[in-house]
Every structure is written in structure tokens, then in C-alpha cells.
Amino acid sequence: MAGNGLPSLGRVKLSDLLASEGIPSDSYKLSVSTLSQSIAQYSAAIIQFSSSDASLLRSCLESARLYFYQKPSFPTADMNIIHTSDSREWCKTSGYYADSQLWQEIYDFRPGLTPIEPSNGIEFPPAGLPDIFPLLGKASRVILDAVGFYLNLRSSPFNDILDNVPLRNREISSSVLSVCCHARPSFQHHNHLTPTTEDAQLVMFSDHDHQIDKSLISLVKPDKPGLHIRDINGRWIILDNDLGPRDAIIYTGLALYQATAGYINPAMHRTDIGNLQDNIYGRCSLAFKLMPKSMTSLSCSEMTAAGHGVEAQFQIPVTVDDFMQRSHPTDQLFTRGSFPSFSFPTAQEGSLKALTRRRKSNSRCKPLPPSKRLRLEAQRVLKVRVQDIADKRGVKLKFCNLKDCESHIHTVDSPCANIRMKIGWPQGVPFVHPHDLPNKAKIGFLEAYEPGWTATHDMELHLIDSGQASQHSANCN
């Protein structure tokens, strides 16, 4: 999907992402498609709020500037509020803390947890946070559901790992609303470090200093440009240089990457503070992080149920608490070549049909390799035919591991025998996701569920067989 290319970050109205009963509207499908394409290319998108919600966000940002401005130049020696980044405390952060290395101050607002300073005095937060928290929380859930729709998952597929709405008695929110301030001049003067452009670029723009949130979705509203994200081609682009008063940035996190079996990459982001020397407030932002509950597990069962291929590293559920405390080196993240793409047929001519025609034109200009075409055909048939058969017969598709299923297909009492019989799975073909089948098994799968497929794809079969024969000959030599 990313290959079709959005010229810039996708921009979608939040109101257009609100799902309703019945058949989805064309505007909903187009908005979901734009959002998902933007996430595939940039791991981020721009969300537009209503005018009233935008006013609330602007008021909260103004309050944040004043909150940090009235803070002391730097915490005194007897105030132990330097953030320790203890991963065991990931769901317990609350109140004010600072990071002198990054010239950053943060106030975490977490419903259910009273912010108490070491002096035992109550910390008064920036104004408006109790109103902003549910606003951004609801928006994040709407966006998460839209991503689930694009992945062809059931409605609200991630609700089981999210906080209760509203929180129950004595519950503490896993999600957090952070009010952040970068490079406040009086904060910098503590260490006699007023960052020049070169200093800021050195600190913030190191190749090893980018950040990846462990959230499902992060939603950010800044008051000044400076947020950069690495796109699918490895280029760093600025996201907030052209934000309107109603716009906010959303980007994806590691928890969503894990829950979707790597189909959605997490955003790598960094912040530029090199142009704030003459600003008395620094750079302020509101950042809401939609987090999974600590007592749940991140599982890819929803992806498997929807017919997506799930690699071995995602097949074992991992507890959220362990996931949050674990390090996740970026060079070990599993990266897929493309984002799954589904067609959204519309009742009348419109933007979606124009987009479809453009995609078909692009595909004619750049023929796919036979093996890739075979894989895409198998995935299409799984979605439009096999899944339909399974739904009508009340069968939940739970695919096997290829190595294990090679023995299953020769026995009548194997774990998958009943499912294969009910949906008419072809004999001799392992019951695994078609994406993971060998080419010859893919052909058997397609011939069983797509009558006439062989006759119209003789060339593809010839090329595939020739390629396999050549490879076999080379291995023998």
C-alpha cells in the first residue's frame, strides 16, 4: 500500500472516523483508507478536531506554558524529582519530573493516582487536564477502532486490553496525559547550558537517540514545530510544521506493533529544540498515550482469527507488564514489506473508485513477480471466499504451524481435521495461512477455491515451476 504513495502526511477529520451501525459510509471508508495509508508510510497521521475541542486544547496549552514558566529555575537539591526511567514504574508515573540531559520537563496526569510531591504538598496541575484526558482518550480509541476496521478485525478488537470506561473504584489509569516542555530557558540555566542550534542537534538528533513509545496510539498537540518521524524509506520528516489550530498528530507505538503481529510499525520520533533560544516558554505540548492494562496480555489472536499470517515470534502471548519492562532494540523489530490492503467497494462513483483505478493503472505499469502475484491471489481468495465460507458455517479459522501441519494432513484425528472438513480445505494442502504456504500448495489452495484459476494463470504457473526447477538444479550442482 505504501507503494502507491501519499504526497504528504494523511489528514483526517475525527468526526469522519466515528463508526455507526450498519453498512459503513463512503466517507468513513475513505477516511479509514487515508488514515491507514498514512500510518503505513509515516507511522503517523494528522487528526482534525472540532472547533470546540480545538479551543479546549489551545486553552490547556496556554495553561501549560504558564505552569512551567512559574516553576523554579531548576529543582533544588532536596527535591528528588529527576526522572529515573525505571521501567517497573511505567504505569505509576504522576506529577512533575525533569530530565536535565534532554532539557525536558514533564507533568504526568494519571486519573486514579493523586500527584504527591516529596514535600507531601499537593501538586496543582495545569488547568483543563481532567477535561482533556477523556477527549484525547476517546479520540485514540476511535482511531484504534478505525485501524482494526482496515485490518478486517472484529469491532473494537482491542477493548479487552484497555482500561474500563469509566474507571472502576480504586482503579488507576494505564493511559497517561503528559504535559511536556522542552528547552525552557530558566530550566537550562541551572547547568549553565543554553543550547545552541548545534548543541540541540547533537543531543536530539543522534542516530541512536530517537524514541519509540510503548503505547498503542500516541496523540500529540504541540504549540511549536519540532516533531520529526522516520518514514518507511528511512527519511526523517517534520510532522508539525503545517498544523492548523484544530490539528493534532497521532503516531503508532510498540504495543500496537505487538498486538498486530508486526503489521503496523511503531513510529520512531525525535524532537528538534535548536530554534528555541529566544523563546521564554520553550516548546510545550500535550501528549496522550493510550496504553494497555498491566494485568492483561498482548496476543495476536484477533489477527489470526481475521486470517492474517502470524510469524512465530508473535504467536506466544506476552504479558503487558513484561512487555513494558523489556527493551526493544529497533534493529530487532520485524518489518513487513507492505501494509495489508483491502478493497472498499462504494455504491457510486467517487474518490475511492478513482483511487482504485489509479492503483490498477500502477499495477499494469509495474508487473509483479509471479511468486508475489501468487501470494496476493491466495490472500485475496482467503478473504473473499474462504472467510465467507467459514462465517456461514460458524467456523473460526485458527491456522496451524506449517511444520506441524505437514503431519496433520495425513491423519483424521489431527487438531485441524474438523475445520478442514467443514470448510472444504483441499486435500494434501497444510492448514496454514496461505501467505505461508509453499508455491505448489498455494496453487492447490487456489484451484480448490477459485474455479478456473489454472486456466487463466498458465503463464504464472509456468514461471513459478521454471523458477523452482532452476533453483533445484542449482542446489544439486
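Visitor: In this predicted model, does S43 count as buried or exposed?

Guide: S43 counts as buried, because its relative accessibility is 7% and the cut-off for buried is under 20%. The residue sits in the loop between α1 and β2.

Visitor: What is the value of phi at S43?

Guide: Most residues other than glycine have a negative phi, and most peptide bonds are trans. S43 departs from the first pattern: its phi is near 60 degrees, a positive value in a residue other than glycine. A183 also has a positive phi, near 60 degrees, without being glycine. A183 lies in the loop between β5 and α4 (185–188) and, at 1% relative accessibility, counts as buried.

Visitor: Which residues does a cis peptide bond join?

Guide: The residues are V165 and P166, and omega of their bond is about -10 degrees. P166 is placed in the loop between α3 and β5 (176–182).

Visitor: Let us move from S43 into the strand that follows the loop. Which residues point one way from β2, and which the other way?

Guide: In a regular strand the side chains alternate between the two faces of the sheet. In β2, A44, I46 and Q48 point one way, while A45 and I47 point the other way. Both sets are buried. Accordingly, β2 (residues 44–48) is mostly covered, with five of its five residues buried.

Visitor: In what sense do β1 and β2 pair?

Guide: Strand β1 (residues 11–13) pairs with β2 in the parallel sense, over three bridges. K13, for example, has Q48 of β2 as its bridge partner. Helix α1 (residues 26–42) joins these two strands in a right-handed β-α-β unit.

Visitor: How many bridges join β2 to β9?

Guide: Five bridges join β2 to β9 (residues 247–252), and these two strands run antiparallel. Within that pairing, I46 stands opposite I249 of β9.

Visitor: How many residues has the largest nonpolar core?

Guide: This core has 73 residues, and those with the most contacts inside it are L17, L35, I47, F49 and L136. Helix α3 (residues 129–150) gives the most to the core, namely twelve residues. L35 can serve as a worked case. Beyond its neighbours within four places in sequence, L35 is in contact with V12, L17, A45, I47, I143, A146, V147 and I250. There is also a second, separate core of 25 residues, which includes V386, V395, C405 and W425.

Visitor: W425 brings us to the aromatic rings. How many aromatic pairs does the structure hold?

Guide: A pair of aromatic rings is described by the distance of the centres and the angle of the planes. The structure holds 13 such pairs. In one of them, W425 and F445 lie 5.3 Å apart from centre to centre, with 45 degrees between the planes, and the pair is tilted. The two residues are 20 places apart and the pair links distant parts of the chain: W425 is in the loop between α13 (417–423) and α14 (439–449), whereas F445 is in helix α14. W425 is buried, with a relative accessible area of 6%, and F445 counts as buried at 0% relative accessibility.

Visitor: With which residue does F445 form an aromatic pair that has 55 degrees between the planes?

Guide: The residue is Y449; this pair is also tilted, with 5.3 Å from centre to centre. F445 and Y449 both lie in helix α14, four residues apart, or about one turn of the helix. Y449 counts as buried because its relative accessibility is 7%. Together, F399, W425, F431, F445 and Y449 form one aromatic cluster.

Visitor: What is the mean pLDDT of the protein chain?

Guide: The score is the predictor's confidence in each residue. Its mean over the protein chain is 79, and 73% of the residues reach 70 or more.

Visitor: Which elements have the lowest and the highest mean pLDDT?

Guide: Among the elements of the chain, helix α5 (residues 197–204) has the lowest mean, 44, and β9 the highest, 98. The pLDDT stays under 50 over residues 190–208, a stretch for which the model has 36 contacts beyond four places in sequence. Residues 345–356 also have a pLDDT below 50, and the model gives that stretch 16 contacts beyond near neighbours in sequence.

Key
Residues are numbered from 1 along each chain as its sequence is written. This is a predicted model: local features need pLDDT of at least 70, side-chain atom pairs count only at pLDDT 80 or more; totals for chains, interfaces and linings use all residues. Side-chain values use heavy atoms; hydrogens and water are left out. Buried means under 20% relative accessible area, exposed over 50%, partly exposed in between (1.4 Å probe, protein chains only). Two strands pair if DSSP finds at least two bridges between them. A crossover is right-handed if, with the strands pointing away from the viewer, the path from the first strand over the helix to the second runs clockwise. A nonpolar core is a set of buried Ala, Val, Leu, Ile, Met, Phe, Trp, Tyr and Cys residues joined through side-chain atoms within 4.5 Å. Contact means heavy atoms within 4.5 Å. pLDDT is the predictor's confidence in each residue, from 0 to 100. Rings of Phe, Tyr and Trp (its six-membered ring) pair if their centres lie within 6.5 Å; planes under 30 degrees apart count as stacked, over 60 as edge-to-face and the rest as tilted.
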